[in-house]
2 protein chains.
Amino acid sequence: MSGRLDIVGLGPGGAEHRTAAATAAVIGAQVVIGYGPYVEQCADLLHGQEVVRGAMGEEAQRADEALRRAAAGARVALVSSGDAGVHGMAARTLARAAALPEDERPAIEVVPGVTAALAAGALLGAPLGDDFAALSLSDLHVAWEVVERRLTAVAAAGLALALYNPRSRTRTWQLERVLEVLREHRDADTPLAVVTDAARPGEHVERATLATLDPETVTMRSLLVVAGESGLVAGPWLVAERGAGVVA
Amino acid sequence: MSGRLDIVGLGPGGAEHRTAAATAAVIGAQVVIGYGPYVEQCADLLHGQEVVRGAMGEEAQRADEALRRAAAGARVALVSSGDAGVHGMAARTLARAAALPEDERPAIEVVPGVTAALAAGALLGAPLGDDFAALSLSDLHVAWEVVERRLTAVAAAGLALALYNPRSRTRTWQLERVLEVLREHRDADTPLAVVTDAARPGEHVERATLATLDPETVTMRSLLVVAGESGLVAGPWLVAERGAGVVA
């Protein structure tokens, strides 16, 4: 079979943070598949490729469609915002591919991209310059107890945190609880930032502390960055210089 | 003053994983400053810019030189491999910029890039598809006790791990101790991978488990990826599908 599937991370938003490989994969594809807004994100690369726009919640169907089309001989790009390997489509798609008989499995490549944590970090300065954890706060696929167990461990360990999916219209109490957990383990004046629509139109940065954050400023399009034990405010920036102010 | 400083993440290696913004920043610079091998990494973008190659261990001098030249009116690109905000030059440079009087501080932008963890993850499949931590194992700037404290917390929490700076010619016992710590908190058959020179000539992937890893396969150019509680081997890939096999 001559088809292939590229699972492509488009970066956080505009074309400026897209890699050359991601651009080439979309341009070279015969079929471009993705959640509607992600397809829009690479609209500048569409020149007649067949486009399959999926809806939120239909990730499994998109993965299967992408695998089926590639196995049938098409060159397919399955596109995600950010990095498809970080809270994106790659893991699910590869797991489904692995379940296929080997002779029905197309050639697959994952094309990395600039994930939201890196885009937000760059906007803020360098808050992830020392050790950090990237966690999702969504309890859609794991029990809330798991989210809280992991969060507690990394908060207590003093790592900087990049928190994906911090809040949505239907998930609102979770962020309040997250702040409680963080305040149990970190100083109230720990700096943090809410970055909404990083590298997209309407990009917005809200700086606060664990004590002063207004949860209403956090949306489903936000990433929450919380400083670690080496994090500090330096001039206009949030930075984490390895070893700064850290006591063994 | 009309100068400016872009702190640029070039991505893991070849031009294919470099973003458009990183490429534009280097092309548009009058002065390109970086550790020698990083300057080589963007040699295809050099067209007569002044080039300042620094040595390992001279990061503070490079930061100061970049700030000084930008403050004097030059357009400067300070280049790093990967993402400059993740165990790169950004935090240190911004911290030094913040210490300058405001009127001696040039305009600064951090240009994000594909960090080694994302490049390695894409090569392996999607091992960072669920929550993960990115830690450096270097005890150059923090006490070893801090490295071990953080590692213990994230290992016990079941996160996937992307371990930067896992070993060098002079730091060899540390990786042995890291494996001991990981084995205390995770199953011996936990899958892992050593990715060396991701997206560079000589790229090499070594798959193993916590029980079978040969530390000699790990070099200063390697990144070590250890599966989290939701990580598993699926066909030829290492994947972490959120919630897969996780017990609260």
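Colleague: How many residues of chain A are in contact with chain B?

Modeller: This is a predicted model, in which local features need pLDDT of at least 70, side-chain atom pairs count only at pLDDT 80 or more, and totals for chains, interfaces and linings use all residues. Residues are numbered from 1 along each chain as its sequence is written, and chains are lettered from A and ligands numbered from 1 in the order in which they are written. Two residues are in contact if their C-beta atoms, placed from the backbone, lie within 7 Å. On the chain B side 61 residues take part, and on the chain A side the number is 61.

Colleague: How do the residues of the side of chain A that touches chain B divide into nonpolar, polar and charged?

Modeller: Ala, Val, Leu, Ile, Met, Phe, Trp, Tyr, Cys and Pro count as nonpolar, Asp, Glu, Lys and Arg as charged, and the others, Gly among them, as polar. The division is 37 nonpolar, 14 polar and 10 charged.

Colleague: What relation holds between chain A and chain B?

Modeller: Copies are superposed by least squares on the C-alpha atoms of residues with pLDDT (the predictor's confidence in each residue, from 0 to 100) of at least 70 in both. A rotation of 180 degrees with 0.0 Å of shift along its axis puts chain A on chain B, with RMSD 0.0 Å. The relation is therefore that of a two-fold axis.

Colleague: In which sense do S7(A) and S7(B) pair?

Modeller: Strands (E, at least two residues) and helices (H or I, at least four) are DSSP runs, numbered from the N terminus. Two strands pair if DSSP finds at least two bridges between them. S7(A) and S7(B), residues 132-136 of chain B, have 3 bridges, and Phe132(A) stands opposite Ala134(B). The sense is antiparallel.

Colleague: How many residues of H5(A) are buried?

Modeller: A residue is buried if 20 or more other C-beta atoms lie within 10 Å of its own, exposed if 12 or fewer, and partly exposed in between, with C-beta atoms placed from the backbone. Among the buried residues of H5(A) are Ala116(A), Leu118(A) and Gly121(A). The helix H5(A) is mostly covered, and the count is 9 of 9.

Colleague: Which strands of chain B stand at the edges of the sheet S6-S13-S12?

Modeller: This open sheet of 3 strands has mixed pairing. S12(B) and S13(B) pair in the antiparallel sense over 4 bridges, with Val233(B) opposite Leu238(B). The edge strands each have a single partner strand, so one side of each is left without a neighbour in the sheet: they are S6 (125-126) and S12 (231-234).
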